[in-house]
Amino acid sequence: MKPNSGTLVINIMNGGKAEAYEGVYQCTARNERGAAISNNIVIRPSRSPLWTKEKLEPNHVREGDSLVLHCRPPVGLPPPIIFWMDNAFQRLPQSERVSQGLNGDLYFSNVQPEDTREDYICYARFNHTQTIQQKQPISVKVFSMDSLNDTIAANLSDTDIYGAKPVTERQPVLLTPTGSTSTKVELRGNVLLLECIAAGLPTPVIRWIKEGGELPANRTFFENFKKTLKIIDVSEADSGNYKCIARNTLGSVHHVISVTVKAAPYWITAPRNLVLSPGEDGTLICRANGNPKPSISWLANGVPIAIAPEDPSRKVDGDTIIFSHVQERSSAVYQCNASNEYGYLLANAFVNVLAEPPRILTPANKLYQVIADSPALLDCAYFGSPKPEIEWFKGVKGSILRGNEYVFHDNGTLEIPVAQKNSAGTYTCVARNELGKIQNEVQLEIKDPTMIIKQPEYKVIQRYGQVSFECIIKHDSTLLPTVTWLKDNDELPDDERFLVGKDNLTIMNVTDKDDGTYTCIVNTTLDSVSASAVLTVVAAPPTPAIIYARPNPPFDLELTGQLERSIDLSWIPGDENNSPITSFVIEYEDALHEPGVWHYQTEVPGTQTTVQLKLSPYVNYSFRVIAVNKIGRSQPSEPSEQYLTKSASPDENPANVQGIGSEPDNLVITWEPLKGFQSNGPGLQYKVSWRQKDVDDEWTSVIVANVSKYIVSGTPTFVPYEVKVQALNDLGYAPEPSEVIGHSGEDLPMVAPGNVQVHVINSTLAKVHWDPVPLKTVRGHLQGYKVYYWKVQSLSRRSRRHVEKKILTFRGNKTFGMLPGLEPYSSYKLNVRVVNGKGEGPASPDKAFKTPEGVPSSPSFLKITNPTLDSLTLEWGSPTHPNGVLTSYTLKFQPINNTHELGPLVEIRIPANESSLILKNLNYSTRYKFYFNAQTSVGSGSQITEEAVTIMDEAGILRPAVGAGKAMTSRQVDIATQGWFIGLMCAVALLILILLIVCFIRRNKGGKYPVKEKEDAHADPEIQPMKEDDGTFGEYSDAEDHKPLKKGSRTPSDRTVKKEDSDDSLVDYGEGVNGQFNEDGSFIGQYSGKKEKEPAEGNESSEAPSPVNAMNSFV
């Protein structure tokens, strides 16, 4: 055993046999407070036995028949991984027709001629010992019907009848499992694998169903071409009958597997350490579940509690130990053992009886400085037994801090989420328990944020000019800022042209290379701000007489000094066109690998016309040159002559080598292939090598063609591999490549996070904690955790609604997170899932929690109805979001005079179950403003406002009142400003105007005639017209009288004249062209034998309206 450690080291490297150490080990740790014990640790040596020798007969099979090649690997520890390969170490292809079973056997649903081969080899890989055992090759010979017929024909005479039956189709038959039913027992949390492989022609298709239920979503997977049903993380709910159905065109067959899920013990509540003070009570709870139900046993300091020293304060009640009035001698370590036939659980819990007065561990008068509007965290680390209660005060005689503006953490820390200037001051932390009290003061200072009040601006400057960027800042006077300037996110060039002042940056004699983005960064000990601006440098306008242009292309290219890896190139420059040539760019073409594509080779100064170029092997080079000046680039020169270099082995290996699995049992090795000219010769290939990191000593290698990917199959799930890829061609290998670390494929996480706890901080914010899952169960790169949470119901309404789940993702190996935006006084549920690159793991059990009450929203409406002389009726609706239990409503109101000044405020408290109120004893003809809100036990919600007016006395008569002298004057003034009074005056004025218009029309038309007045005095509804021949009254015979009445006429169909019709219109008496007067002056045109009255146009009546009718129409 290592010194000063509990680690036991067993070393057999220098001799000894592993079998000698096989057994069960347990560790005990002991001191004067008690003894703790570990779980049992089982040590067994790994075994990888050889295959038993056996004589394998060749398999002769007829085309279309089924076939099973048995593997029967040796029993090893741990069990081996089985796979089938050929003599060339290539995996045998598998399909719906040919596949490997869970037992390692190779099944053929029907054999085909192409299945004939002599190297079916079963391999068993023992990972722990890093050995691979192989079975003797198995030979399979498939006889097709054509070859069988030819054989028969060769042995028969021409007169014999021969011929084998052609391949016949067959209904499905199950090769495994056999029979119609079978059973399967699996443990909770494990992976359930069910298999059905069928024979038949055509090849059967497998389908799986669960009788009386659905296959579990998100946990069900189909493997081996749907012949294997895989359910991960099984539970008792997955027990039942699973049916596999094999079907082809001729029929179907099925098999029912009865699955029973048992469970090793698992924790419901594991015992936890208990710290008690003398005289206190406490309990240790040990609850576990399993199938069958586990038995619970207790130990004290590693000894069964039945024979352990007695403790009068201790009482065992099944899965609970109850402690009453403990003393310091009651300290001990208790072990809980939960066991059934499938396993056991063991947990240690330390009961520590301790009497300690409070201690505060945070230094006294510690100073905290924060920027305004930022969070402030004030520490108060404490210790004591019993656990002290923590309270915070502000100021010397301040009251205890409470409310939503503070967050009180379990470790004693006080959090001010948004610290303001008035948050500064002295804060006192008080810790107290039964043994004493202690306090500590800390100081909080709030600093003004640093700001850039004048930021640098975008500048365009001519070459060789001067530019300046400003960066004027404002900061807290107690903080010392530092200003740093960057160019393109890097330090300023070490150049004396750059002058950094107190609040500016000046660049003298600007050149083209000064182009870029300049950033001003201001840092203090508490915050940092920055601002950027872009500088664009342009050329000064040229002199009009001088024309600048790009240079002409070089010419007369010549190749000299040809060697295997170098050559000299020379040229003659073209005209520079008033702008000196600054450089020459040399490009090359590889006519062997990429004809027509030009690549950059090098660049030389503009004063140089010869260059030595480095060459690569196996490239057919040609070169061209481009001249460059400040205006731009010339056209390329004509290509040089071609030069073909000799072949050689590769100089470099592929780049960007990666090993990433695409499936849980493979490793995909990828790389960027070498470009054509990088191959250095013909026959480019790659040597791909891999080995499991820290496990394999030898590399496994394979040589592949010029590709960019190789897949290694049969790997363990998500284990690290060392990978390297080396290039080679017909002339040899490239240098030894570097190794990279990759991982085999990921699989979905196996377990859910445990011990999910929720701490509700306030009515809209909660904090969730969970235990991280073991990394080995993640089975991939840990991406983080997802928290699914949803509102179950509102506690104030008790009405369920559609559940809308929300998801928050917390990156990395975090074990807590905040849930914002919760609704107050509501019931929520959540669960947590771990996420890797493959996806999400199983969800933790749903955790329920409730948010406390908050302040309500404003009432949904406020209506004011039924105004009277001295009362108003108020009606309202309850808040849309009560956020708790309403305790009451508050109504405030006050009068408003003509100058909009507010009178005294009256407040009324109304019970929460009321929805209306009649306010009495109000002043009449007075405007009131109302303020209305609701309350819960937390406080008042936002208010809603409304205005209303009481009505004045009937008929506007002001009733006298005692002491109303001043009030009377006020009321008379108010009448003139009322809306109803102004409307009445407007109506009277309009009526007078209409009467004046009617009188004016009547005066222009004239009054009644004497004859008409007489006729009106003796009005007869059936008066007859006079005949022309004898002057007597006869029947009126005007032909037009039978015409229908014109639209708008007031005369009824029986030709009677109603009293309400107008009597003043001269048109009805024939005034106009046909109107005539008799010798006595009477009007007789109406009684003439011929009446040619013109029809009235439009929709108007043919008579003029009388004043009476006009008034009736108005009224």
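The following conversation goes over the disulfides and the nonpolar core of this predicted model.

Mentor: This is a predicted model, in which local features need pLDDT of at least 70 and side-chain atom pairs count only at pLDDT 80 or more, while totals for chains, interfaces and linings use all residues. Residues are numbered from 1 along each chain as its sequence is written, and side-chain values use heavy atoms, with hydrogens and water left out.

Trainee: What makes C196 and C244 a disulfide?

Mentor: A disulfide is a pair of cysteine sulfur atoms within 2.5 Å, and the S to S distance for C196 and C244 is 1.9 Å, so the pair meets the definition. The link is left-handed, with -65 degrees about the S-S bond. C196 sits in the loop between strand 15 (192-195) and strand 16 (197-201), whereas C244 belongs to strand 20 (residues 240-248), 48 residues apart; strands here are DSSP runs of E with at least two residues, numbered from the N terminus.

Trainee: Why is C196 called buried, and why is C27 called partly exposed?

Mentor: Buried means under 20% relative accessible area, exposed over 50%, and partly exposed in between, with a 1.4 Å probe and protein chains only. C196 has a relative accessible area of 0% and is therefore buried, as is C244 at 1%, whereas C27, at 36%, counts as partly exposed.

Trainee: How do you know that C471 and C520 are joined, and which parts of the chain does the pair tie together?

Mentor: Their sulfur atoms are 1.9 Å apart, so the disulfide cut-off is satisfied. C471 lies in the loop between strand 42 (467-470) and strand 43 (472-474) and C520 in strand 48 (residues 516-523), so the pair ties together parts 49 residues apart in sequence. C471 is buried at 2% relative accessible area, and C520 is buried at 0%.

Trainee: How many disulfides does a search of the whole structure find, and what is the pairing?

Mentor: The search finds five disulfides, and with the bonded cysteines of the chain numbered in sequence order the pairing is 1-2, 3-4, 5-6, 7-8, 9-10.

Trainee: What makes a set of residues a nonpolar core, and which residues have the most contacts inside the largest one?

Mentor: A nonpolar core is a set of buried Ala, Val, Leu, Ile, Met, Phe, Trp, Tyr and Cys residues joined through side-chain atoms within 4.5 Å. The largest has 20 residues, and those with the most contacts inside it are L569, W571, I586 and F623. Its largest share, four residues, comes from strand 55.
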